[in-house]
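Please work through the following exercises on charged side chains and cysteines. Attempt each task before reading its solution.

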Amino acid sequence: MAPPSAVGGAMPDFAECYGAQFPVIARQLAVYLGSVEEAQEATQEAFTRAWTRWGRIARYDEPGAWVRRVAWNLATSRIRRMRTALRYRQSQRIELVDGPGPEWVALERALKTLPDRQRQAVVLYYLAGLPVAEIAELCRARDGAVRNWLYRGRIALAKHLSEEEDGHV
């Protein structure tokens, strides 16, 4: 899509303006923002906005000045957003959570020994608290199949956990 043409008179070429102004603006913003990547993104966004309005901006005495102002505004907005995010992050209370206890580790290890359907049924029933009918619907199986998976899963878990308790595993 080409920018609209100016009415009467020669209009500065967008590509020329971009080629001349992009490196200058991006360098300025890199120092301001402390990041070359952020500076290039802000400068690119400013030129993208200029492109859609080039028919009007090209008539300005210095179209590059418009792009520079927009780029600086974008950079300042980025800094404000970063400061706000940093303040929010610093205001958050860090809650330390204990790692999993030996019982949980043993349960996870035992669950890994179950076939997929049994493991899914056991997790959904005992850990997620879903009723058999909902598990059956979720797994696209009959209620009886889910009850069978739960029955076999409980037996296998009990066996595995008792063997682990006895020190066999």
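The exercises below concern salt bridges, burial and disulfides.

The model is predicted, so local features need pLDDT of at least 70 and side-chain atom pairs count only at pLDDT 80 or more, while totals for chains, interfaces and linings use all residues. Residues are numbered from 1 along each chain as its sequence is written, and side-chain values use heavy atoms, with hydrogens and water left out.

**Exercise 1.** Determine which parts the salt bridge between Arg-78 and Glu-41 ties together.

*Solution.* Step 1: A salt bridge requires a side-chain nitrogen of Lys or Arg within 4 Å of a carboxyl oxygen of Asp or Glu. Step 2: Arg-78 and Glu-41 satisfy this, at 3.3 Å from N to O. Step 3: Arg-78 belongs to helix H4 (residues 63-91) and Glu-41 to helix H2 (residues 36-52), so the pair ties together parts 37 residues apart in sequence; helices are DSSP runs (H or I, at least four residues), numbered from the N terminus. Step 4: Glu-38 joins Glu-41 and Arg-78 in a network of salt bridges.

**Exercise 2.** Classify Arg-78 and Glu-41 as buried, partly exposed or exposed.

*Solution.* Step 1: Buried means under 20% relative accessible area, exposed over 50%, and partly exposed in between (1.4 Å probe, protein chains only). Step 2: Arg-78 has 15% and is therefore buried. Step 3: Glu-41 has 45% and is therefore partly exposed.

**Exercise 3.** State how many disulfides are counted, and classify Cys-17.

*Solution.* Step 1: A disulfide is a pair of cysteine sulfur atoms within 2.5 Å. Step 2: The count is zero. Step 3: Cys-17, at 11% relative accessibility, is buried.

Terms used:
Helices (H or I, at least four residues) and strands (E, at least two) are DSSP runs, numbered from the N terminus.
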